[in-house]
Amino acid sequence: MIDVATLSVIRRWALREHLSLREIARRTGLSRNTIKKYLRADAVEPRYAKRVSPSKLDPFADKLTGWLKTEAGKSRKQRRTVKQMHADLAALGYDGSYNRVAAFARAWQAKRQEAERTTGRGTFVPLTFGAGEAFQFDWSEDWAVIAGERTKLQVAHTKLSHSRAFIVRAYLLQTHEMLFDAHNHAFRVLGGVPRRGIYDNMKTAVDKVRRGKERDVNARFGAMVSHFLFEAQFCNPASGWEKGQVEKNVRDARHRLWQHVPAFPTLAALNDWLEGRCTALWREIDHGKLPGTVADVWMQERALLMPLSRPFDGFVEHTKRVSPTCLVTFERVRYSVPASFANRPVSLRVYAERIVVAAEGQLLCEHHRVIDRRHDTTGHTVYDWRHYLSVLQRKPGALRNGAPFVELPVAFRQLQVALLKQPGGDREMVEVLALVLHHDEQAVLTAVELALEAGVPTKMHVLNVLHRLLDSKAAPPPVTAPQALRLVREPLANVSRYDDLRASEGKVRHAP
């Protein structure tokens, strides 16, 4: 076997010193045919034919290649693993090792990636957008300190493709109602709605990805698109460059916003800060392609956006059955419902920040939504004590230890403490609470406070004060008696004086 150094010497002797083939063969010990072969090929280094070793996998190579092509077209969760393909080959008669199959799959994948790079899959076309033409939307995951606890957030990014004005809003979940709320706030801040929206194939928008640009769009997402009158456009799978501006915004936001984000008591306070910080950054960031800052270009683009008429009613509806304790459950949190709907079906409308219960064509109640992602607790219960007043009227004793009445207003609690010291105080307290069913709650609460200040914590006094408040009449002024009419000695209760009167009357009757 000839090496590079020997070949170099042969070439120098033959081409530079013009030695004969006989002489070169004598000096090297090689045959003249071998020397002719290398000189005729004009090779500067020896080349050897690749060694081809037979493998047990060779009869199954075409079958395995077809499988790899098929699996490459599936989503990652649906693909067969190489171990599964090895097991399937074994069922067809392959008795070779798994390592050989894995090496074949790695080589096939490397060739496929190289082919994609050389056929244009690794190259991109710069995009440009007109004013008011499009916006791009995407989600990211970030962290912030909320109420003293480090919290994982789902962050919605919306960015105008022309002016590059952006808005960021944080949520605890990445669900339909959060998506709708993010669009409502984004269009409000951006000043209108562009003609197109560019998305990836997120589950809250696309039910199924079909061939090409065909998509089965989620019904509620389609309703939002119809409400705002824009066209939804979806990227090809694994083609984030088609919405590269918002992808870059996700990366930039991590050092512009989240590295210096302070702690906040509530999620609403964080979102207020994010909104103010985003609009401030518009004035600080140069546009890059057009003169001025992002804010300057946005001022020009805003005139070409469609004005926002009203927010989209972005709720997700669920049918629930009310329990005997007047509660409905959603995401491990229980919410109270008016007692008249116990053991009956209701419609639960879930918004980003609130829960609305409806039935029989009317809205029954509304609660602030509680999102608890921990699973080490038994969940929360959100009560409204007003929902249980009709039950209290039948069972006044439940007022003492009823869970819904733990958080009564302070004045009601003070009145309850005073009334429970008297016989029948439970029922009187229930009758006072029931006044909120027929009168303004604040007026009833004020009447109770005035009764407590006057030192007369009774139902009748509360009713008198309430009627004066509702009739807009002032309390009667105190009576100031003259000095001569003031009572100096208060009479004592003495029933024996009545007996004395009867005895004296009998003497008069029997007198001769």
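Visitor: Leaving aside neighbours within four places in sequence, which residues is E71 in contact with?
Guide: This is a predicted model, so every value here is computed from it. E71 has its place in helix α4, residues 61–72. Leave aside the neighbours within four places in sequence, and the contacts of E71 are Q78, R79, R80 and M85.

Visitor: Is E71 buried or exposed?
Guide: Buried means under 20% relative accessible area. The relative accessible area of E71 is 5%. Because that value is under the cut-off, E71 is buried.

Visitor: Which residue has its backbone nitrogen 2.8 Å from a polar atom of the side chain of E71?
Guide: Look among the contacts of E71, which include R79 and R80. A polar atom of the E71 side chain lies 2.8 Å from one backbone nitrogen. That nitrogen belongs to R80.

Visitor: How far apart in space are E71 and T81, C-alpha to C-alpha?
Guide: In sequence, E71 and T81 are 10 residues apart. In space, C-alpha to C-alpha, the distance between E71 and T81 is 9.0 Å.

Visitor: Where is H287 found, and is it buried or exposed?
Guide: H287 sits in the loop between α10 and α11. Its relative accessible area is 4%. The cut-off for buried is under 20%, so H287 is buried.

Visitor: Which backbone nitrogen lies 3.1 Å from a polar atom of the H287 side chain?
Guide: H287 touches H162, S163, R164, G292, T293, V294 and V297, not counting residues up to four places away in sequence. The nitrogen asked about is in the backbone of L290.

Visitor: Which residues have the most contacts inside the largest nonpolar core?
Guide: That core has 53 residues. Among the elements that each supply at least two of its residues are β1, β2, β3, α9 and α10. The most contacts inside the core belong to W258 and L270.

Visitor: Which helix gives the most to this core?
Guide: Several helices each supply at least two residues, including α7, α8 and α11. One gives 8 residues, the most to this core. That helix is α7.

Visitor: What does L270 touch, not counting residues up to four places away in sequence?
Guide: W258 shares with L270 the most contacts inside the largest core. The two also touch each other. The full list for L270 is A144, I146, L153, A170, W258, V261 and F264.

Visitor: How many residues are in the other core?
Guide: This core lies apart from the largest one. Among its residues are L392, L419, V432 and L466. It has 30 residues.

Visitor: Why do the buried residues of helix α14 lie on the same side of it?
Guide: The buried residues of α14 are G425, D426, M429, V430, V432 and L433. They lie on the same side because, around the axis, they cover an arc of only 160°.

Visitor: What covers the buried residues of α14?
Guide: Other helices are part of the cover. They include α12, α13, α15 and α16.

Visitor: Which strand gives the most to the lining of the second largest pocket?
Guide: About 770 Å³ of space lies in this pocket. Its lining has 25 residues, and I146, T151, L172, L267 and I371 lie nearest its centre. β1, β2 and α10 each supply at least two of the lining residues. The most, 4 residues, come from β2.

Visitor: What share of the protein chain is buried?
Guide: The chain has 17 helices and 14 strands. Of its 512 residues, the share that counts as buried is 38%.

Methods. Residues are numbered from 1 along each chain as its sequence is written. This is a predicted model: local features need pLDDT of at least 70, side-chain atom pairs count only at pLDDT 80 or more; totals for chains, interfaces and linings use all residues. Side-chain values use heavy atoms; hydrogens and water are left out. Buried means under 20% relative accessible area, exposed over 50%, partly exposed in between (1.4 Å probe, protein chains only). The arc is that of the directions from the helix axis to the C-beta atoms. Contact means heavy atoms within 4.5 Å. A nonpolar core is a set of buried Ala, Val, Leu, Ile, Met, Phe, Trp, Tyr and Cys residues joined through side-chain atoms within 4.5 Å. A polar contact is a pair of N or O atoms within 3.5 Å; within protein, one must be able to donate a hydrogen and the other to accept it, and residues adjacent in sequence count only if both atoms are side-chain atoms. On a 1 Å grid over the protein atoms alone, a cavity is a set of points where a 1.4 Å probe fits but cannot get out, and a pocket is an open set with protein on both sides within 12 Å along at least five of seven lines; lining residues have an atom within 4 Å of a point. Grid points are joined across faces, edges and corners, and a volume is the space filled by probe spheres set on the points.
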